[in-house]
Amino acid sequence: MCRSIKTLRPPAMPEEATDDDIRAAALQYVRKVSGFRAPAAHNREVFERAVDEIAEATRELLAGLEVRGAAARRPA
């Protein structure tokens, strides 16, 4: 499993996940699934497109999640 991908939602991550955090997680996922740390030139486009699409899906997921009790844990 992708053990190096960190949880990007509260309370595991008290601040909002940045675009860099989201892209790093997407890149780690694509690397794990594809088996390539860096794609060959002929696979680069599809590799990067997958990273972009997974990052976007991650943004949508994080934006749509409701973490119950999160408001009570956030500093005022």
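**Helix α2 and its packing against α1**

Setting aside neighbours within four places in sequence, T58 touches L8 and I22. These contacts come from a predicted model, and T58 makes a handy way into it. The residue sits in helix α2, and with a relative accessible area of 18% it falls under the 20% cut-off, so T58 counts as buried.

T58 has company. F47, V51 and A55 are buried in α2 as well, along with T58 itself. These four cover an arc of only 75° around the axis, which means that they sit on the same side of α2. Flip to the face turned away from that buried side and the exposed residues turn up: E45, E53, E60, A63 and G64. As for the helix itself, α2 runs over residues 44-64, 21 residues in total, and spans 30 Å from its first C-alpha to its last. That is close to the 30 Å expected at 1.5 Å a residue.

Not every residue of α2 fits into the buried or exposed group. A57 is also part of this helix, but its relative accessibility comes out at 44%, so A57 is classed as partly exposed. Its C-alpha lies 9.4 Å from that of A26, a residue 31 places away along the chain.

What do the buried residues of α2 pack against? The partner is α1, residues 19-34. Two packed helices are described by the angle between their axes and the distance between the axes. For α1 and α2, the angle is about 130° and the axes are 8 Å apart. This makes α1 oblique to α2, and the crossing of the pair is right-handed.

The residue list for this pairing fills in the picture. From α1, the residues that meet α2 are D19, I22, R23, A26, L27, Y29, V30, R31 and S34. On the α2 side, they meet F47, E48, A50, V51, D52, I54, A55, T58, R59 and L62. The buried set of F47, V51, A55 and T58 thus shows up again among the α2 residues in contact with α1. A26, the residue used above for the C-alpha separation from A57, is among the α1 residues in the list.

Over in α1, D21 is worth a look too. D21 lies in this helix and is buried, with a relative accessible area of 17%. Leaving out neighbours within four places in sequence, D21 is in contact with K6, L8, M13 and E16. L8 is also one of the contacts of T58, which brings the tour back to its starting residue.

Terms used:
Residues are numbered from 1 along each chain as its sequence is written. This is a predicted model: local features need pLDDT of at least 70, side-chain atom pairs count only at pLDDT 80 or more; totals for chains, interfaces and linings use all residues. Side-chain values use heavy atoms; hydrogens and water are left out. Helices (H or I, at least four residues) and strands (E, at least two) are DSSP runs, numbered from the N terminus. The expected span of a helix is 1.5 Å times one less than its number of residues. Buried means under 20% relative accessible area, exposed over 50%, partly exposed in between (1.4 Å probe, protein chains only). The arc is that of the directions from the helix axis to the C-beta atoms. Contact means heavy atoms within 4.5 Å. Axes are lines fitted to C-alpha atoms, for helices over the stretch in contact, and angles run from 0 to 180 degrees between N-to-C directions. Angles under 35 degrees count as roughly parallel, over 145 as roughly antiparallel, 65 to 115 as roughly perpendicular and the rest as oblique. A crossing is left-handed if the near helix is turned anticlockwise from the far one by less than a right angle, and right-handed if clockwise.
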